[in-house]
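Q: Can you take me through this one? I have the sequence and the coordinates open.

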Amino acid sequence: MPELPEVERIARGLEQALLGQCLKGVTVRWPGVVARPEAKALEERLPGHRLEEVRRRGKMILLRFPPWWLAIHLRMTGQLQVRPGRDPSLEADRHVHLWFDFDHTILYYRDMRKFGRLWLVSDLAEATGQLGLEPLSPEFTPSALARILKTHRRQVKPLLLDQRLIAGLGNIYVDESLWRAQLHPLRLAHTLRDEEISRLHGAIQHVLLQAIDHGGTTLRDYRDAHDEKGRHQEALAVYGRAGLPCPRCGAPIVYIRAGGRGTHLCPICQPLAPPK
DNA sequence: CACAGCTCCTGGCAGC
DNA sequence: TGCTGCCAGGAGCTGT
């Protein structure tokens, strides 16, 4: 499941491979992948435009083909694959739902679970307007995080997963951040003290930057634009490690549910009762 | 406002 | 061996 670090790696790969190329054609094989407008409109409007900018916002990839923005959300199993030419094995793959023909390169979209979506918009805010703070931006300060935490009476994990508040964190990096900050996922957000908030802020940024540096986390499906796996799965402290020893204290990692999501934590390092 | 539950979708796995 | 059925999970939605 691509979260901020994986999407960042993919966006960098797309920029390096595709920036400046003109789009010659779009082939949509499963129309459901296009959320807005209709698949046919995408095929008709986009060709003939040049890719002038690649951005990431939260978990979204944004490709600017003036006057359009193409926004892509990979959700669970979406993949973007860059190839130097037509790739028969990808085109024979039933999970490849569309592709883009550029001057010298083809970009394939593959998605096993079909949760991912694309939007073609003229105003970027139509795609990203609801998203919250970028956790690696200068605006994401400890006091900005404190403002978010203190204005919601919610458990801290579901709050961190809410893309309208902070954009880009998913299940893996929330669990890892809370472990690093030594905070229990079920702590009520508004009860966190300034020192704990500051720890959480630092943990989020550290975990995301380290994961980007490691090329993202490949548990099963994640691949970058050049089909390379990430290496950050080897550095995970708690995610997917139920029963294995906590890297900090050695106690077995525990699996619980938080906000309906599978959640991993160290019961010793992350006590539910806030320290006195 | 908070949140539980449902939907989408399919590979992987447990159970028989 | 092969079948059935259940689960994960990001985000949007409805209902409480």
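The chat below covers the DNA contacts, two buried residues and a surface patch.

A: Before we start: this is a predicted model, where local features need pLDDT of at least 70, side-chain atom pairs count only at pLDDT 80 or more, and totals for chains, interfaces and linings use all residues. Residues are numbered from 1 along each chain as its sequence is written, chains are lettered from A and ligands numbered from 1 in the order in which they are written, and side-chain values use heavy atoms, with hydrogens and water left out.

Q: Fine. Which residues are around DNA strand B?

A: Trp30, Arg94, His95, Met112, Arg113, Lys114, Phe115, His152, Arg153, Arg154 and Arg220. To be listed, a residue needs a heavy atom within 4 Å of the strand.

Q: What share of the strand B atoms within 4 Å of the protein is sugar or phosphate?

A: 65%, and the rest belong to bases.

Q: Which side chains have an N or O atom by a phosphate oxygen of strand B?

A: His95 is one of them, at 3.2 Å. Lys114 is another, at 3.5 Å. Both are polar contacts, meaning a pair of N or O atoms within 3.5 Å; within protein, one must be able to donate a hydrogen and the other to accept it, and residues adjacent in sequence count only if both atoms are side-chain atoms.

Q: And what does the backbone of Arg153 do there?

A: One of its N or O atoms lies 2.9 Å from a phosphate oxygen of DNA strand B.

Q: Back to His95. Buried or exposed?

A: Buried, because its relative accessibility is 16%. The cut-offs are under 20% relative accessible area for buried, over 50% for exposed and partly exposed in between, with a 1.4 Å probe and protein chains only.

Q: Where is it, and what does it touch?

A: His95 is in the loop between α3 (88–91) and β7 (96–102). Leaving aside neighbours within four places in sequence, His95 contacts Tyr109, Arg110, Asp111 and Met112, contact being heavy atoms within 4.5 Å. Helices (H or I, at least four residues) and strands (E, at least two) are DSSP runs numbered from the N terminus.

Q: What about Thr77, what does its side chain pair with?

A: The Asp111 side chain, at 2.6 Å, and the backbone nitrogen of Arg113, at 2.9 Å. Thr77 sits in the loop between β5 (68–73) and β6 (78–83), and at 6% relative accessibility Thr77 is buried.

Q: Different topic. Where is Met1, and why is it called partly exposed?

A: Met1 is in the segment before α1 (4–18). It is called partly exposed because its relative accessible area is 31%.
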